[in-house]
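Okay, thanks for having me. I'll put the model up and talk you through it, metal site to begin with and then the overall fold.

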Amino acid sequence: MAEALQAVAARVAPGVRTRDLDTFAEEYLRRRGALPAFKGYRDYPFSLCVSVNEEVVHGLPSERRLKAGDLVSLDLGTIVEGYYGDSALTVPVGEVSEEASRLLRVTEEALMRGIGAVRLGGHLSDISHAVQTHVEVHGFSVVRIFVGHGIGKALHEDPQIPNYGSPGTGPRLRPGMVLAIEPMVNAGGPEVEILPDNWTAVTKDRSLSAHFEHTIALTEEGVEILTQV
Ligand code: MF3
Ligand code: CO
């Protein structure tokens, strides 16, 4: 999973069609004996979500060609031996604005802070709170309408994991849990709207957005990031 997403990210360059990234991702997974988890999920027609600039998540691969200055979020899901993995990252195309690179950095840091907030016996919303705090301290905003999720024998399992909220509430964190944590962070306001294609989520104010996601497992020893090379 991690290797596949890294390989897709390495192909991001000016002039590349977002459709080519999807084809590459699907072929990469199948060659390695994995299945694309998104394809056919709620009738989603592709293996990869490619969300450019003001697109938040669920961007549809197309004939669109990437250009220098774009911010591209890549979201990929796989099934290996019946178990699901889900991971996303955001990469710059060539040189990007100062704001864009700050947004990237803060969003990835927020994901890692969220993961770092996991304590066995702690609460689920400790993750949410850590993510939100880091994002807002840097003047960005957290998307509310999409959340992280439990994952395992299905792509989306309980519990939902909002990227905002007070610490110390919700289910206790315990060994055996597998969670997909996925902050979506906007440079402007938190509001999102869905385009007429019924998939692509964009920021209402058309500000830039970034997305990072890891699937993690909680064991007696602590946290293991499953979607890291
Ligand atoms: N990472 C996204 C999620 O967890 C991807 C789902 S998109 C879909 O919801 F294409 F599979 F629907
Ligand atoms: Co997810």
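So, D86 and E213: buried or exposed? Both of them are buried, and remember that this is a predicted model. I bring up those two residues since they're among the protein donors of the cobalt ion, ligand 2. The full set is D86 through OD, H149 through NE2, and E182 and E213 through OE, with distances to the cobalt ion of 2.0 to 2.2 Å. If you like to look for this along the sequence, the spacing of the donor residues reads D-x62-H-x32-E-x30-E. Now, D86 sits in strand β5, residues 83-92, while E213 is in the loop between β13 (209-211) and β14 (214-219), so this pair ties together parts that lie 127 residues apart in sequence.

Okay, zooming out. What does the secondary structure come to? We've got 4 helices and 15 strands. The radius of gyration is 17 Å, close to the 17 Å from the globule rule for 229 residues, so the protein is as compact as a globular protein of that length. Along the principal axes, the C-alpha atoms fill a box of roughly 50 × 40 × 30 Å.

On packing: 54% of the 229 residues count as buried. And if you take contacts between residues at least 6 apart in sequence, 67% of them join residues at least 24 apart.

Last bit, the surface and the charges. Accessible surface is about 10200 Å², and carbon and sulfur atoms account for 49% of that. There are 21 positive and 31 negative side chains, and the centres of those two sets are 2 Å apart.

That's me done, happy to rotate the view for anyone.

Terms used: Residues are numbered from 1 along each chain as its sequence is written. Chains are lettered from A and ligands numbered from 1 in the order in which they are written. This is a predicted model: local features need pLDDT of at least 70, side-chain atom pairs count only at pLDDT 80 or more; totals for chains, interfaces and linings use all residues. Side-chain values use heavy atoms; hydrogens and water are left out. Donors are N, O and S atoms within 2.8 Å of the metal (3.2 Å for Na, K and Ca); water is not among the atoms, so sites may look incomplete. Helices (H or I, at least four residues) and strands (E, at least two) are DSSP runs, numbered from the N terminus. Buried means under 20% relative accessible area, exposed over 50%, partly exposed in between (1.4 Å probe, protein chains only). The radius of gyration is taken over C-alpha atoms; the globule rule is 2.2 Å times the number of residues to the power 0.38. Contact means heavy atoms within 4.5 Å. Accessible areas come from the Shrake-Rupley method with a 1.4 Å probe; for residues, only the protein chains shown count as cover. Lys and Arg count as positive and Asp and Glu as negative; His and the chain ends are not counted. The place of a charge is taken as NZ of Lys, CZ of Arg, CG of Asp or CD of Glu.
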